[in-house]
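Trainee: Please take a close look at the interface for me, and relate the other parts to it afterwards. State the cut-offs as you go.

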Number of protein chains: 2
Amino acid sequence: MTKAQLRKAAKAVAAKGRKAQGERTRKAILETAVHIASAEGLEGLTIGRLALELSMSKSGLFAHFGSKEDLQVATVETARAIFINEVIRPAFETAQGLHRLWKLCDIWLGYVQSGVFRGGCFFAAAAAEFDGRPGPVRDRIADIMKEWLSTLRNTIVEAQNAGQLAKEIDPTQLAFEFNSLELGANWAFQLYGDKGAFTRARDAIRERLSRYATATGAPLLNLARPKSTQARAQS
Amino acid sequence: MTKAQLRKAAKAVAAKGRKAQGERTRKAILETAVHIASAEGLEGLTIGRLALELSMSKSGLFAHFGSKEDLQVATVETARAIFINEVIRPAFETAQGLHRLWKLCDIWLGYVQSGVFRGGCFFAAAAAEFDGRPGPVRDRIADIMKEWLSTLRNTIVEAQNAGQLAKEIDPTQLAFEFNSLELGANWAFQLYGDKGAFTRARDAIRERLSRYATATGAPLLNLARPKSTQARAQS
DNA sequence: CAGTAAAACGAACGTTCGTGCTATATACAT
DNA sequence: ATGTATATAGCACGAACGTTCGTTTTACTG
């Protein structure tokens with residue numbers, strides 16, 4: 001513990017003052033780590049396996065982190081950056097309110113289906129793995145997922161303030177429901193490869209949105225249905 | 001592989017013809033195994049740890065199973081028996097239809113909250129752990145969860161056939177939504193200790209049930225609200 | 001009560017785990 | 001181009017993993 005802390009501190013100082021070739025390798029390591037961890041879990045992410053995949057020595061790789069726990073935290077952090085890039089950023093390109101709310105959910109489901117991470121939603125998997133093991137890894141995962149839930153909730157509130165969504169509904173409740181449906185779709189897809197689950201989740205979310213949309217908000221929802229025009233044309 | 005199979009076969013034959021003291025210890029082992037596995041995962045369920053907990057030797061314990069994988073499968077099977085006892089059985093004591101449907105969901109949430117397993121829903125945890133690792137363990141988990149989803153769906157159909165629930169709704173869709181809300185509540189409780197999630201899940205489920213209930217079915221729902229009368233009295 | 005089959009044990013196996021040294025090679029500033 | 005800080009490699013460690021073996025203790029049957 002003490003040793004690891006000292007080493008980490010020394011490294012942090014060095015990283016600020018000096019240039020870095022090691023910074024590049026560190027990035028490369030974490031990129032690979034994220035994908036292994038998403039498929040095999042953060043504990044299944046072993047240093048030997050990681051070194052093998054990157055054709056480098058265990059010790060050489062290990063020197064970039066003070067401990068396995070630090071590697072895990074850094075991996076979680078990297079996954080967060082990817083998540084923000086793949087989900088949050090594109091959704092925030094659309095105007096706030098009902099439209100962005102839909103985008104957040106829609107893109108999230110797409111991010112799972114498209115296999116950004118091999119094991120589906122990185123954080124859903126990591127949360128299930130670490131929810132019983134106290135420590136910094138668990139704490140970071142919990143924070144990040146809370147961050148996501150807050151984003152969802154804030155967007156709901158914004159839609160309400162814009163008069164697009166009924167003020168009566170409880171934003172915490174709706175965020176919980178949307179998040180649950182997303183977790184449910186992720187579960188069905190990971191365990192059964194059931195792509196239909198994404199449709200079910202989208203249908204359920206859309207149903208709630210259109211139920212709670214005000215007269216102002218309702219027209220915004222049509223833009224968010226690329227598939228429903230197709231469905232209407234077919235039926 | 002071959003050795004383990006032979007040993008297992010010999011054991012199976014012996015178990016049929018002979019009596020068993022070993023059968024009792026096997027039960028005791030699995031009882032403990034289930035609780036360790038639910039908290040630390042099926043892979044974190046280590047034979048040494050298990051032996052220590054039961055104050056017996058690794059080898060003596062190991063002899064009851066041909067391999068670690070067999071131990072894991074047996075543990076999953078034990079968890080299923082507990083689940084049936086704790087959730088399915090009590091719910092099936094009430095008449096089929098809307099009432100039983102509510103009971104299934106309500107008791108399921110209670111089973112997570114009351115800590116029947118230390119790690120929340122055993123199968124939600126196991127599914128997340130094994131969804132990326134092919135093999136008999138994963139297959140069994142997937143089967144059991146499908147079994148649960150089918151039970152949910154069948155109960156919905158029965159409620160429809162009894163004229164208590166609108167025929168227009170898709171039972172697969174509704175079962176998916178209920179299951180998702182349950183998984184969502186389990187997630188929130190495991191990661192944040194958030195008991196409010198159970199209320200949110202119950203509210204969401206009740207909201208759908210009363211929305212889709214027919215004139216015949218609606219009266220049945222009042223019986224299923226022990227807390228809402230209390231809530232009404234308080235507010 | 002004797003005999004026998006089943007059950008538990010103790011010790012060891014070959015691996016792999018995370019981690020710690022020490023030495024060498026690489027990249028960067030002057 | 002050279003010197004120095006940094007990055008990587010090599011090797012070894014103690015512990016824990018699943019698994020096997022031969023032996024000893026326990027429990028049931030005749």
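Mentor: Ser180(A) is the residue of chain A that comes closest to the rotation axis, with its C-alpha at 2.6 Å. The model is predicted, so local features need pLDDT of at least 70 and side-chain atom pairs count only at pLDDT 80 or more, while totals for chains, interfaces and linings use all residues. Residues are numbered from 1 along each chain as its sequence is written, and chains are lettered from A and ligands numbered from 1 in the order in which they are written.

The axis comes from superposing the copies by least squares on the C-alpha atoms of residues with pLDDT of at least 70 in both. A turn of 180° with a shift of 0.0 Å along the axis lays chain A on chain B, with an RMSD of 0.0 Å. The copies are thus related as by a two-fold rotation axis.

The contact itself involves 28 residues from chain A and 28 residues from chain B; two residues are in contact if their C-beta atoms, placed from the backbone, lie within 7 Å. On the chain A side, the elements giving two or more residues are H2 (22-40), H7 (122-130), H8 (136-161), H9 (171-192) and H10 (196-212). Helices here are DSSP runs of H or I with at least four residues, strands are runs of E with at least two, and both are numbered from the N terminus. H9(A) gives the largest share of that side, 12 residues. By class, the side divides into 14 nonpolar, 8 polar and 6 charged residues, where Ala, Val, Leu, Ile, Met, Phe, Trp, Tyr, Cys and Pro count as nonpolar, Asp, Glu, Lys and Arg as charged, and the others, Gly among them, as polar. The copies meet through the same surface, because 100% of the interface residues of chain A are also interface residues in chain B.

One of the contributing helices, H7(A), is largely enclosed by the rest of the structure, because 9 of its 9 residues are buried. A residue is buried if 20 or more other C-beta atoms lie within 10 Å of its own, exposed if 12 or fewer, and partly exposed in between, with C-beta atoms placed from the backbone. The buried residues of H7(A) include Phe122(A), Phe123(A), Glu129(A) and Phe130(A).

For the chain as a whole, chain A has 12 helices and 0 strands, and 38% of its 235 residues are buried. Of the contacts in chain A with a separation of 6 or more, 64% are between residues 24 or more positions apart.

H5 can be followed in both copies. H5(A), residues 68-91, has 24 residues and spans 34 Å from its first C-alpha to its last, close to the 34 Å expected at 1.5 Å a residue; the expected span is 1.5 Å times one less than the number of residues. H5(A) bends by about 40° at Ile84(A), the bend being the angle between axes fitted to the seven residues ending there and the seven starting there. H5(B) bends by about 40° at Ile84(B). Among the buried residues of H5(B) are Leu71(B), Thr78(B), Arg80(B) and Phe83(B). The buried residues of H5(B) pack against H2, H6 (98-113), H7 (122-130) and H8 (136-161) of chain B.

DNA strand C is the other partner to consider. Around DNA strand C there are 25 residues, of which Gly48(A), Gly22(B), Met56(B), Ser59(B) and Gly60(B) come nearest; a residue is near a strand if its C-beta atom, placed from the backbone, lies within 6 Å of it. At least two residues of this surface come from each of H1 (2-17), H3 (47-53) and H4 (58-62) of chain A, and H2 (22-40) and H4 (58-62) of chain B. Its classes are 7 nonpolar, 11 polar and 7 charged.

The loop between H3 and H4 of chain A holds Ser55(A), whose phi is near 55°, a positive value in a residue other than glycine. Most residues other than glycine have a negative phi. Ser55(A) counts as exposed because it has 6 C-beta neighbours inside 10 Å. In chain B, Ser55(B) lies in the loop between H3 (47-53) and H4, with a positive phi of about 50°. Ser55(B) also counts as exposed, with 6 C-beta neighbours inside 10 Å.
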